[in-house]
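User: Please take a close look at the aromatic residues of this model and at the nonpolar packing around them. I should like one connected account.

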Amino acid sequence: THLISRLYGSRATMATRYALKKEPDVFNITQLKQAVEALPEEYEISMIDQNLYELCKSEIWTTDLVSQFPTYEDFRRLGIGVVICQNHTILSGASSYTRYRDGIEIQINTRDGFRRRGLAYICASKLILECLERNLYPSWDAQNQASVALAEKLGYHYSHPYAVLEIRNY
């Protein structure tokens with residue numbers, strides 16, 4: 001950590017993240033399906049296609065939903081994601097931040113002004129269902145306590161906190 005801190009200076013800061021257990025049979029499929037079906041009519045839930053991939057890349061807050069896949073072809077081949085839109089505007093999304101052989105690491109975000117409405121829960125429910133259908137494990141690692149709470153609502157179990165060194169890009 002000393003070398004990284006010297007190299008990145010004030011851009012490198014210590015933070016705490018929260019690990020969740022990887023338990024393959026922990027998800028309540030019925031509950032997840034009910035969550036997706038409960039999406040209010042004024043919203044539309046969709047898997048990320050090429051148009052939505054480009055839309056994700058066009059806004060700062062949605063970039064991380066597809067940022068690890070430089071082209072749509074890469075995302076289509078290795079990634080998976082879902083967004084909730086209203087009037088062609090993304091309000092919330094859940095996707096594969098990274099992909100490994102048997103699973104993904106979930107990235108989730110909701111537009112300011114639309115948080116605390118259950119949209120992230122619905123997106124995550126749909127993403128988990130899609131992962132399970134594709135025999136992929138939807139890994140969850142939380143950046144904050146709100147993320148831990150959402151993960152637990154989805155069926156994950158908390159494991160432990162751990163220290164990380166974060167590097168800011170600005």
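Analyst: A residue is called buried here if its relative accessible area is under 20%. The model is a predicted one. By that criterion, both phenylalanine 27 and tyrosine 156 are buried.

Seven aromatic pairs are found in a search of the whole structure. In one of them, phenylalanine 27 meets tyrosine 156 edge-to-face, with 5.0 Å centre to centre and 80° between the planes. Phenylalanine 27 belongs to the loop between strand 1 (12–20) and helix 2 (29–37), and tyrosine 156 to the loop between helix 6 (145–154) and strand 8 (158–167), so this pair ties together parts that are 129 residues apart in sequence. Ring pairs also join Phe27 and Tyr156 with Tyr137 and Trp140 in a cluster.

Leaving aside neighbours within four places in sequence, the contacts of tyrosine 156 include Leu20, Ile106, Ile128, Pro138 and Ala151. The largest nonpolar core has 36 residues, and Tyr156 is among those with the most contacts inside it, together with Leu127, Trp140 and Leu154. Elements giving two or more residues to this core include strand 1, helix 2, strand 4 (89–100) and helix 6, while helix 5 supplies the largest share, 10 residues.

A second, separate core of 12 residues includes Tyr53, Cys56, Val66 and Cys85. Both tyrosine 53 and tyrosine 72 are buried. Finally, a charged contact involves another ring: lysine 153 lies over the face of tyrosine 121, at 4.3 Å from the ring centre.

Technical notes: Residues numbered from 1 in each chain as written. Predicted model: local features only at pLDDT ≥ 70, side-chain atom pairs only at ≥ 80, totals over all residues. Heavy atoms only, no water. Phe/Tyr/Trp six-rings, centres within 6.5 Å; stacked < 30°, edge-to-face > 60°. Helix = DSSP H or I, 4+ residues; strand = E, 2+ residues; numbered from the N terminus. Buried < 20%, exposed > 50% of the residue type's maximum accessible area, 1.4 Å probe, protein only. Lys NZ or Arg CZ within 6 Å of the ring centre and 35° of its normal. Core = buried A, V, L, I, M, F, W, Y, C linked by side-chain atoms within 4.5 Å. Contact = heavy atoms within 4.5 Å.
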